[in-house]
Amino acid sequence: MIYHFKIQSQESTDFHLEIQLDEKHTFFDFHKTIQNCLGFESYQLASFFISDKMWRKQKEISMLDLGFNGAAYFIMQKTKLSELINSKEQKLIYTFDFFNDRSFYIELTGIIMERNLNEPLVTLKEGKSPVQILGNETNERELSTIREEEVYMDFGELEDYTEIFGEMDDF
C-alpha cells in the first residue's frame, strides 16, 4: 500500500511538495525524504504530530527517545507509517524549527492499495521552500564577500615574518 502525501507551508504559498511512501516505511524515512529534498541540515530536531481535522496536535512522533515511563510515545525510527496513519485525509504537522515554531502541514491525499514502493518518492516539488532556520539566509553577495575575506586575510608585515622565522636562504 502506498501513501500519497501533500505538503504545504503557511510561509510560502507557492511551495508545494508531494511524496509517496510505502506503509512499511517509518516516520524517519519520511523525515529524511523531506530533509534531503529541501536541502535541510539533518542534525536539527524535528517531530511529526498526528493532528485532527482542525490541525490540533494529538500525538507526537519524535526523533528522540524521550523514555517516558509507562506513557505511550512514538519514535520516528521505530514507528511505521501504517501504525498511525489510518484514514484518507489524515493530517500531520511536521515541525522542523522548534525555536520559532515553524512547521509544514501534511495531508494524506491518496492511498494506492495494489502497489508497493521500495524507496520514498518525491512526485512534485514546486515553489521556493522556506529556510530551515530563520536568520540563516545568506545571499550570494555575502558568500563572495566572505570568500574574499578568507583569501585576503592579513598575516602582518613581512618584517614580522622574518623576526619570527628568520631570513630565508636562497638556493
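Tutor: Two residues are said here to be in contact when heavy atoms of theirs lie within 4.5 Å; please also keep in mind that the model we are reading is predicted.

Student: With that in hand, which residues is S12 in contact with, leaving aside its neighbours within four places in sequence?

Tutor: S12, which sits in the loop between β1 (2-8) and β2, is in contact with K128 and P130 once those neighbours are set aside. Two polar pairings add detail: the side chain of S12 makes a polar contact with the side chain of D14 at 2.8 Å, and a polar atom of the S12 side chain lies 2.8 Å from the backbone oxygen of K128.

Student: Is S12 buried or exposed?

Tutor: Buried means under 20% relative accessible area, and S12 has a relative accessible area of 12%, so it counts as buried.

Student: How would I read H25 in the same manner, beginning with where it is placed?

Tutor: H25 belongs to the loop between β2 (16-22) and α1 (27-38), and because its relative accessible area is 5%, it is buried. Not counting residues up to four places away in sequence, H25 touches K80, L81, L117, N118, E119 and P120, and a polar atom of its side chain lies 3.0 Å from the backbone oxygen of N118. The C-alpha atoms of H25 and S82 are separated by 8.2 Å, although these residues are 57 places apart along the chain.

Student: In what order do the strands of the sheet lie?

Tutor: Strands of a sheet pair through backbone hydrogen bonds, either parallel or antiparallel. Here eight strands form an open sheet of mixed pairing, in the order β5-β4-β3-β6-β7-β1-β2-β8, and its edge strands, each pairing on one side only, are β5 (74-75) and β8 (121-126). Between β2 and β8, which run antiparallel, there are five bridges; L17 has K125 in β8 as its bridge partner.

Student: How does α1 run relative to β2?

Tutor: The helix α1 runs at about 145° to β2, and it lies across β1, β2, β3, β4 (57-62), β6, β7 and β8.

Student: How many residues does the largest nonpolar core have?

Tutor: That core has 28 residues, and those with the most contacts inside it are F5, F27, F30, I34, F48, F104 and I106. Two or more residues come from each of β1, β2, α1, β3 (47-51), α2 (81-84), β6 (91-97) and β7 (102-112), with α1 giving the most, namely five. As for F48, the residues it touches beyond four places away in sequence include F27, F30, I34, I61, M76, I93 and I106.

Note on methods:
Residues are numbered from 1 along each chain as its sequence is written. This is a predicted model: local features need pLDDT of at least 70, side-chain atom pairs count only at pLDDT 80 or more; totals for chains, interfaces and linings use all residues. Side-chain values use heavy atoms; hydrogens and water are left out. Helices (H or I, at least four residues) and strands (E, at least two) are DSSP runs, numbered from the N terminus. Buried means under 20% relative accessible area, exposed over 50%, partly exposed in between (1.4 Å probe, protein chains only). A polar contact is a pair of N or O atoms within 3.5 Å; within protein, one must be able to donate a hydrogen and the other to accept it, and residues adjacent in sequence count only if both atoms are side-chain atoms. A nonpolar core is a set of buried Ala, Val, Leu, Ile, Met, Phe, Trp, Tyr and Cys residues joined through side-chain atoms within 4.5 Å. Two strands pair if DSSP finds at least two bridges between them. Axes are lines fitted to C-alpha atoms, for helices over the stretch in contact, and angles run from 0 to 180 degrees between N-to-C directions.
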